[in-house]
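Reader: Hey, I've just opened this one and could use a hand. Can we go through it together?
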Amino acid sequence: MALIQCPECRKEISDKAAVCPHCNFDIVTYRKKIQEEKDREEKEKRAEELRNMQEKIKCPECGMLVNKSVELCPSCGYPIQKEKKRKKKIQIGVCTAVVLLAIIIIVSIVVKNNSVESKIIGKWSCLNGDALWNYEFNDDYTGRFVGFIPGSNNPAFHYSYTWSYDKESSEIIIIGIEDNKEKSRFKILNFDQRDTIKANFLNAEKTLTREDFNYDGIIKMYGTYED
C-alpha cells in the first residue's frame, strides 16, 4: 500500500482508494480511462510498426531491412529496384508458362489426327451439384454429353454436339447438333495436375478431370429423357 496524489484535488490518498475521500473524485473510472488510452496507443504503435515492416524488404546482399522505394541499399549499395524488376520478370515468365501450358492442353484436344475414322481424344467430367456431367470429345470436332445423378432413378440427360476452340477467348464452345444452339462453353483458368484443370464453366468455377466413363453404359443403366 502507498500514498498517491488525487488527480483532481492533489491531496494524498491511498493507491487502493476507489473514490477520493476529500473531493469524491472517481478514482476507478479515471484509472480505467488511463488504461484504455494506453491500450489504444499501444495498438496504434503495433499497427504503425506493421505498416513500416510491410513497406520494407530485406536487401539480398547484406540482409538489411530497407524501404521498398529506395534505389540502392544504404548499407551496401545493392541496387534494390533492379532486383525488384528482375523478380517481377520471373513472376511474369512463370505466369506466361502456366498459361501456355494450359493452352497446349486444350490445343492437344482440338488437333485432328491422321485417322480417317472418328477417334475419341478426350473424356472430361465435372461435378454439378449431385450430378456428374461427362463430355466426350472426338478428333472430328464432334462429341457427346451425358449428365446423371449416380444411384438415383432419374433418367440421364444427353445430347450430341459439335465443338470448337476460340483462340481469342481461350474457350471450348459446344453446339448441340439437333437444335444448332450453344449448349455451353468453358474457359481454362488454371490446372493442378496434368489431367486436372480448373475452368470457368457456365459462370461457375468447376474442376474438370479426365475420366474413363462408358457413355453407352450410362444411358443403358439410367435411361434417357427421350425414353
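Reader: So how many of the residues count as buried?
Author: Of the 227 residues in the protein chain, 27% are buried, where buried means under 20% relative accessible area with a 1.4 Å probe, protein chains only. Keep in mind that this is a predicted model, where local features need pLDDT of at least 70, side-chain atom pairs need 80 or more, and totals for chains, interfaces and linings use all residues. Residues are numbered from 1 along each chain as its sequence is written, and side-chain values use heavy atoms, leaving out hydrogens and water.

Reader: OK, and what's the secondary structure?
Author: The protein chain has three helices and 12 strands; these are DSSP runs numbered from the N terminus, helices being H or I with at least four residues and strands E with at least two.

Reader: Let's take α3, then. Which residues of it are buried?
Author: Helix α3 spans residues 215–222, and its buried residues are Tyr215, Ile218, Ile219 and Tyr222. They line one face of the helix, because they fall within an arc of 95° seen down its axis, going by the directions from the helix axis to the C-beta atoms.

Reader: What's on the other side of α3?
Author: Lys220 and Met221 are exposed there, meaning over 50% relative accessible area.

Reader: And what covers the buried residues?
Author: The cover includes β6 (131–138), β7 (142–148) and β8 (157–166), with contact meaning heavy atoms within 4.5 Å.

Reader: Last thing: what caps the N-terminal end of α3?
Author: Asn214 does, with a side-chain oxygen 3.2 Å from the backbone nitrogen of Asp216. After α3 comes Gly223, with a positive phi near 75°.

Terms used:
Polar contact = N/O pair within 3.5 Å; in protein donor to acceptor, adjacent residues only side chain to side chain.
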